[in-house]
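Q: Could you take me closely through one part of this predicted model, the five-stranded open sheet and what lies around it? I would like a connected account rather than a list.

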Amino acid sequence: RGAPPDDQQLMQGLAEAPDVEAQMVTLVGLRELSEAERQLRSLVVTLMQEVFTEFFPGCVVRPFGSSTNGFDVHGCDLDLFLDLGDLEGPQRDPKAPASPALDSALASPLDPQALASTPASPVDSPGPASPQDSETPASSLAPPTPDSALASEALASPQSLPPMSPVQEEAGERDLGKTWEPGGSLKGEEREGEAMLELVGSVLRGCVPGVHSVWTVPSARRPVVKFCHRPSGLHGDISLSNRLALSNSRFLNLCCALDRRVRPLVYTLRCWAQGRGLTGSGPLLNNYALTLLVIYFLQTRDPPVLPSLTRLTQMAGEEERVEVDGWDCTFPREASHLEPSANTESLPSLLAQFFSCVSSWELRGSLLSLREGLPLPVADGLPPGLWGGLRLGPLNLQDPFDLSHNVAANVTGRVAGRLQNCCRESANYCRSLQFQRRSPRGRDWGLLPLLQPRSASSLLSITPIPLPPAPFSQLCAAISQVLEETLGCQIEPNGKRQSPGDGDGDARLRGTLRKRPRLEREKGQTSEGRQGEAGTEEPALEAGGEEELALAAGGEKELALEAGGEEGQPGSSGEQLHRLGQPLVEREVKPLENPGTEEVVGAVQGEETGSEAAQTWLCTLCHRVWLGRRRVRRQLQQQAKGEMSWLQAEARVTQELIAQESRKQRPEPEPPRPLLTFAAATSPSGPFLTLTQLQDPQGLFPDLHHFLHGFLPRTVRAVLGCEKGD
Ligand code: ATP
Ligand code: MG
C-alpha cells in the first residue's frame, strides 16, 4: 500500500461503495494503519525500549491507546506507558540511580552532555546538539520484512536524522536544566513524580535519535512527556503512571474482537464527530470518551451487541483476574470463547439508532455506566459513599475500570448540547433516502454528508445558547417576548403563519416550507416501508424533495425558493437561488389539524417530551439590531437618566437602531425587507436555545449568533424577573 488516502480519495472510495454498510467497512480499510505503518510504530517502541533500558533496567515500554485498541488511523498518536515496575512513581527516589547510565547522568545533572553521552548508552549519542552522529539500535531488531527494512533504514540511517535547530538545542538545554530546579512549593511526592517525568523527558531528548519537541505536562491528570519522532513522523506521549490505560486499551480491543460491527461503527462516529468539532482537546470529548459512549450504546441495545463489564467479569477465568490501582480489571482475554451477540441489527441501523438514542438521553441526570450497561440516576447526586471523587457534569460517562472517574468531566454544557443537536440532526438525515441508498446521479449519499466537515456557521447552528432554568411555558413566553418586543423580530411560533400578505421574506419562507411532499407521505412509516415506497418516486425526489434532506458539504445548500409559488415551480418573481443553511435537513413538516398550516417540527429541537412540545419560532429580522447597540444604549441611558428598566431600555435601543437605519435611506425610507431569517428552538429537555440560519444572503448569521449568545440569556433572565438588568 502506498501513501494513506487523502480526504478526497477517502470520499471517492466511500462514494463508490454499493451501500452504507459497505461504506462503513470501507472507511475502516481506508483509515486504519497499514502493516508497514504498524511495523514502523513497533520499531520506534523497540528503539525507546532499548534506550530506556539503559537508564531503567527492567523497565518495559508498553504501547496503548489507538496503536493497540483497534481504532488506529493513519497518523494517530503513539501513546506509551513506561512501566518502571517497582521503580515507578513516588516510591522511587529519582536521586537513587537504577543503572550506570542513570548514575552517570545524575552525577552531572545540569550538563546535557552527561546524560546523552553516558558510556552505557546504546545509542552512543554525543548529545542533543548532534544526534545525527548517533547510531540507533534499530539494526538489532526482529527479522525485517521489505517494509520493516525500509522502516529500519529510516530509523537507523544517520542521514535520515535532520540536524536539530539551534532553537531546539537551546530549548533542550533549558529543559534539561529545569529538570533539577527546586520544585518550589510542590509536595514531596509530586516533586519526585515531576522530577521523574523530567528525567524521562531528558532521556528522550538526549538519547533517542530523531526525537524532538519534547515537553512535559506534569499538571495533567495523568502526567505525560510529549514528543515527536522525526524519522517516522510519529508524535506521542509517554506516561509513567497510567497502568489502567493498558487494561482499558485491552478492553476496547476485546470489544472489537467480540463483534465485527464495533470497528466500523466507532470509525464512522469518530470521523463524524471530528467533522462536527465535537472531539478534540479542552471542553470537547476525546476519542477515548467517544469510543466508550459508542460501546455503552452497544451495551444498551436490546438484545445487547456487547455485554456489560459486569457480565464480562463473570465470564473471565480465575487466571484472568486482574486488579490495577485497586480497580477490578478482570475480563476475558480471548473473544473466541464467548457467545456471539443475539443482536442482528445492521450497521446503518445501529448508526441511525446511536444518533437517535444519544439525542434523547437525559445526560445531566444520569451516569452512563459501562460496568452495568445501564444509566444510573444521579440527578440528586451520587449514591452516598460511592465513587468518591467522581465529578458530575453535563455529560457523565463512567470509566469502565476507574469507577471514580467521569471520562467526560471536561465536557461543558455547550458541547454536550451540541453533541445532542448534532445527533438529532444526523438521526433525521439517516431517515432520508439520501442516506439509505446510493444516488444514481452521483450526488453525495450515505455516509458522505455525515463525514464532511461542517462550516463555521453550520457549527454555530448546532451550538446551543444556555438559558436560565424556568418552567418551560414561562421560558417560552420570555423567549417570545425577547425576540419580538426587545429585538423587533417578526416571529411565527412553531412555524404557523400568522396572516397572509406579511412581508416578502415570509412569502419566501413559506415557499421553502411548502415543498415537502415526500416527508408528509413518509409520516408514520417505518424506514423499511419508506424505502420501498419511495423507491418508485426517486426521480421526482431527486429533482426536488431530496435536496431538502441534504446535509450538504459545509452544511450549506443551494435551493431554489419560490416566492409564494406553487410546489416545484420557480417563484413568480423569477428563479431565485438562495444559500440556505442546514435547517432544511433538520425540519420535518407535519400537517396540523388546521389544513393549510404547517408546523416546523424541530428536528432542530423538535421532539415532544412528555406533555410539553418543543417550541420553534421562525424569526425574520429586517435590521441589524445587534450592530452599534452599546453606543445607542449609552446615549439613551444618558437621556433617560437611569429611569428605564433594562427591558424597556433594550426595546428602545432596538427602536432607535431601526429608526437610524431608516433615516439613512434616501430619498424615501423603503418598506422593511428581510435581512435574515432563522429558526430559534427550545425543548423541555434542557434550558437551551438553538438558532439555525434559514436565509442569510449577506452572511450575517455568525455575528447575530455571537450577539445573542450574550444578550439572550441575560434578557430572558430579566423577563423572568430573576435579574433587574443593570
Ligand atoms: P487517538 O487516535 O485520538 O489518539 P485513542 O484511541 O488513542 O485515539 P485517546 O483519547 O488518545 O484515544 O486515549 C488514549 C488512552 O488514554 C485511552 O485508552 C485511555 O487509556 C487514556 N485516556 C484518554 N482519555 C482519557 C480520559 N478522559 N479518561 C481516562 N483515560 C483516558
Ligand atoms: Mg491516542
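A: What follows starts from the sheet, moves to the metal site and the helix packed beside it, and ends with the nonpolar cores.

The model is a predicted one, and its protein chain holds 27 helices and 21 strands. Of the 726 residues in the protein chain, 53% are buried, and among contacts with a separation of 6 or more, 69% join residues 24 or more positions apart.

The sheet is open and has five strands in the order β1-β2-β5-β4-β3, with mixed pairing. Its edges are formed by β1 (60-64) and β3 (211-217), each of which pairs on one side only, and from one strand to the next the twist averages 25°. Within the sheet, strand β4 (residues 224-229) and strand β5 (residues 234-239) run antiparallel and are joined by six bridges; along this pairing, cysteine 228 stands opposite histidine 235 in β5.

Helix α9 (residues 243-258) lies across β1 and β2 (78-83), and its direction makes an angle of about 45° with β1. The magnesium ion (ligand 2) is coordinated by Asp77 (OD) and Asp79 (OD), at 2.2 to 2.3 Å. The two aspartates differ in their burial class, because the limit for buried is under 20% relative accessible area: aspartate 77, with a relative accessible area of 26%, is partly exposed, whereas aspartate 79, at 12%, counts as buried.

Turning to the nonpolar interior, the largest core has 80 residues, and those with the most contacts inside it are Phe251, Leu265, Trp272, Phe355 and Leu450. Helix α11 (residues 287-299) supplies the largest share of this core, nine residues. Domain 1 (35-241) and domain 2 (256-425) both give residues to this core, and therefore it lies between them. In soluble globular proteins, nonpolar side chains tend to be buried together.

Tryptophan 272 shows what such a position looks like in detail: leaving aside residues up to four places away in sequence, this side chain's residue touches Leu278, Phe355, Leu419, Cys422, Cys423, Ser426, Leu450 and Leu451. Two of these partners, Phe355 and Leu450, are themselves among the residues with the most contacts inside the core. Separate from this core is a second one of 32 residues, which includes Leu467, Leu621, Leu712 and Val716.

Methods. Residues are numbered from 1 along each chain as its sequence is written. Chains are lettered from A and ligands numbered from 1 in the order in which they are written. This is a predicted model: local features need pLDDT of at least 70, side-chain atom pairs count only at pLDDT 80 or more; totals for chains, interfaces and linings use all residues. Side-chain values use heavy atoms; hydrogens and water are left out. A nonpolar core is a set of buried Ala, Val, Leu, Ile, Met, Phe, Trp, Tyr and Cys residues joined through side-chain atoms within 4.5 Å. Buried means under 20% relative accessible area, exposed over 50%, partly exposed in between (1.4 Å probe, protein chains only). Helices (H or I, at least four residues) and strands (E, at least two) are DSSP runs, numbered from the N terminus. Domain bounds come from an automatic or database domain assignment. Contact means heavy atoms within 4.5 Å. Two strands pair if DSSP finds at least two bridges between them. Axes are lines fitted to C-alpha atoms, for helices over the stretch in contact, and angles run from 0 to 180 degrees between N-to-C directions. Donors are N, O and S atoms within 2.8 Å of the metal (3.2 Å for Na, K and Ca); water is not among the atoms, so sites may look incomplete.
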